[in-house]
Amino acid sequence: MNTAYQIVVCAGIVPDPLQTLEPVLSPTGPALKNEMMLPAVLDPWAGHALYEAANLAKNAPGSKVWLVSLGPKAKLQQVMMTVAQKVPFELVALDGPASGFTEAAEVAAALTEAIQTIPGLDKSKLLVFGGWESASRGAGATMQMVGERLGIVDQFQGVDQLTVGADGSLEILERIEGGKHQVSKCAGPPALLGWATGNLPEPKNNPQIGMTNMRTVMPALQKAKPTKLAGEGLAFASVTLPKQLRETKVVKDKSPEEIAAEIAEWINK
Amino acid sequence: METILVLAHTEADGTLARSAREALHAARALNKAIAGSQLLVGLIGENIQAAADSIAACPATKFFGVSGADFTVSRYATDAAAAAAICQAAQATIVVVPATSRWNRVLPGVAQRLGGRVDTHVTGLTEAGGQPAINRWYYRQRMEATISRTQRPWFIAIDPGSQPACECGAGTATVASVAVNLTEADQRTEVIGTREPKADAQTIRPDAHLLFVTGAGWTKKQADGQTHVPEAEKIILEFLKHTRASLGSSKSLVDLGGEGQAVLPFLSHLNQIGQTGSTPRHAKGLSTCCHGEEPHTVGWRFINERRAISLDPNCGWARGKADVLYVADAFKVMVKLNELLGQ
Ligand SMILES: Cc1cc2nc3c(=O)[nH]c(=O)nc-3n(C[C@H](O)[C@H](O)[C@H](O)COP(=O)(O)OP(=O)(O)OC[C@H]3O[C@@H](n4cnc5c(N)ncnc54)[C@H](O)[C@@H]3O)c2cc1C
């Protein structure tokens, strides 16, 4: 059975994980110091979702991938310069905050509305992908709410593998406790998958894909809908960095025997 | 007035996991702190009576339950329907659950369904000015916030290991059974089972006292200009055998597998600690051949005592990430350590 999928990937942008982050209080609530100056990347787990989507689309002729992303327009544009070179997709952009301090329920409402504007969306072909957690809020909450709003109750989180069966069913591996996976079989679309790492390496940059994508990326950015997230009913009493660093004792001049003895004692303590 | 509901699911054997007792402990503390609040318990599973009985002496004033074969497995559609039904029957304003993979999958959807809000990975539940407040981390454990909300119901998933477990005793609980009308659409997904490495190859042990982390250094050229991957494999496995530690890894090391290099076959992305890996809880952690960069060490937030072995005295561990950094060759130290532990 050959199904052509409509795969909608929800992926935000986050500060490059190699950056040092510091919280500050802004008039609209907590934010990151120099937030607009920090280099941004596609949210890593959502990135895996995008690569898995592209791979699935490649293997199911007639399929198409949309990337729905909410972030400050200028930052989205910067991130798209690299992401657009990875895999083919059509961008649906929303111009608004990418902060981790925004409210998941409000983000989900905005994303759902954006998904619903995609022309010709057919629920019998729809797979909604995203990361199982973001690198900003790290809640793992937005996708489920998007799914509920779209009326999708076949939902999976921490997905590492999706295999399409000969009958069109979807076999899905989700991370559960203790380094195990739960194996489920879903009859077919519509379904929602929050991806963990998956199995695919990051695709190499392909300038040709970049050129094709950019034809739709730029107009999508231009018409990105301004999106306000009010954070209604949510109050931050404080946001603080963890209590300062440990005093590291650096041991340089001990023999392997001495170190081993010290560690053995520490382990058995 | 707050109605605090603790929602828990049973394990495959019908018992309650420790994480459920931790959620109950946190909810009870909140219940005590908020005047006029009441505490209720809701249970989901194939058979829930034994689980209810096991905590019958807890101060909850009422038990609700959804049971039956449809609720044995961890599946979004059926769990969402069951949880929503219990929350409605209990008229809960605050819903506290253990953040198990089963609840993490479904809880935000239930919040959406009932017009509430959700907070996950909560590490503290307190009272501030007569209102509940929670603690949780943002940006992958880089900063911690205290927040409160006016919306109800407010769903709160408590991270396992972050709370003491309640010690409520057993007895006989009266459970009000809540009916759930499932449709065919709720059963489109069939849970087939679990997949895991063979018993002796299972290196992820959440209950272990010690986390043992391996970094890419184990596969790098050593002082003699050669790599020593088979030797590394032997040393690491022997250490795990002696200590029953949980095995963690840096991203660089697990990624090597995808790039076609010689790697340690017992490592997968599930072992990865950090930004795009896990943030486990263990009393102690020992890092070897890993540089201790920030995207890795954010995953160590909940490791209490930390030691590292690296050749590089200027690695990340030296800069306040570890209690002790041994600047030494991990191959040599670990061989000696294995000898000592094997005695
Ligand atoms: C988006 C993003 C997400 C990321 N997420 C993660 C994540 O989740 N987890 C993670 O770990 N990283 C993550 N990283 C990568 C991270 O920045 C580092 O690149 C990675 O942690 C480095 O791994 P490593 O320390 O094992 O390897 P290396 O940096 O190669 O360090 C190897 C170390 O081994 C030491 N060594 C070599 N031989 C010996 C010996 N015989 N004895 C003792 N020491 C020895 C060397 O001195 C060196 O310090 C992420 C990066 C990005 C950009």
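Biologist: Between which chains does the ligand lie?
Modeller: The model is a predicted one. In this model, the position of the ligand is between two protein chains. These are chains A and B.

Biologist: How many residues surround the ligand, and how does the shell divide by class into nonpolar, polar and charged residues?
Modeller: The ligand is surrounded by 31 residues. The closest of these are A216(B), K220(B), Q222(B), S250(B) and H291(B). By class, the shell has 13 nonpolar, 13 polar and 5 charged residues.

Biologist: At what distance from an oxygen atom of the ligand does a polar side-chain atom of E293(B) lie?
Modeller: Polar side chains of chain B approach oxygen atoms of the ligand, K220(B) among them, with a polar side-chain atom at 2.7 Å. For Q272(B), a side-chain N or O atom is 2.7 Å from a ligand oxygen. For E293(B), the corresponding distance is 3.2 Å.

Biologist: What percentage of the area that the ligand exposes when taken alone does the protein bury?
Modeller: Taken alone, the ligand exposes 990 Å². Of that area, the protein buries 83%.

Biologist: Which elements give two or more residues to the shell around the ligand?
Modeller: The elements that meet this criterion belong to chain B. They are α6 (251–256), α7 (294–297), β14 (303–310) and α8 (330–342).

Biologist: Are the residues on the two faces of β11(B) buried or exposed?
Modeller: Strand β11 comprises residues 210–214 of chain B. In a regular strand, side chains alternate between the two faces of the sheet. On one side of β11(B) stand L210(B), F212(B) and T214(B), and on the other L211(B) and V213(B). Residues on both faces are buried.

Biologist: Through which helix does the chain cross from β11(B) to β12(B)?
Modeller: β11(B) runs parallel to β13(B), to which 5 bridges join it, and L210(B) stands opposite K284(B) in that strand. β11(B) also runs parallel to β12(B), with 4 bridges, and V213(B) has G248(B) as its bridge partner there. The β-α-β crossover from β11(B) to β12(B) is right-handed, and its helix is α5 (residues 229–243) of chain B.

Biologist: Which residue is the bridge partner of L70(A) in β7(A)?
Modeller: Strand β6 (residues 64–71) of chain A has 7 of its 8 residues buried. It pairs in the parallel sense with β1(A) over 5 bridges, and with β7(A) over 6 bridges. Within the pairing of β6(A) and β7(A), the partner of L70(A) is L94(A).

Biologist: What is the handedness of the β-α-β crossover from β6(A) to β7(A)?
Modeller: Between these strands the chain passes through helix α2 (residues 73–83) of chain A. The crossover is right-handed.

Terms used
Residues are numbered from 1 along each chain as its sequence is written. Chains are lettered from A and ligands numbered from 1 in the order in which they are written. This is a predicted model: local features need pLDDT of at least 70, side-chain atom pairs count only at pLDDT 80 or more; totals for chains, interfaces and linings use all residues. Side-chain values use heavy atoms; hydrogens and water are left out. Buried means under 20% relative accessible area, exposed over 50%, partly exposed in between (1.4 Å probe, protein chains only). Two strands pair if DSSP finds at least two bridges between them. A crossover is right-handed if, with the strands pointing away from the viewer, the path from the first strand over the helix to the second runs clockwise. A residue is near a molecule or strand if one of its heavy atoms lies within 4 Å of it. A polar contact is a pair of N or O atoms within 3.5 Å; within protein, one must be able to donate a hydrogen and the other to accept it, and residues adjacent in sequence count only if both atoms are side-chain atoms. Accessible areas come from the Shrake-Rupley method with a 1.4 Å probe; for residues, only the protein chains shown count as cover. Ala, Val, Leu, Ile, Met, Phe, Trp, Tyr, Cys and Pro count as nonpolar, Asp, Glu, Lys and Arg as charged, and the others, Gly among them, as polar.
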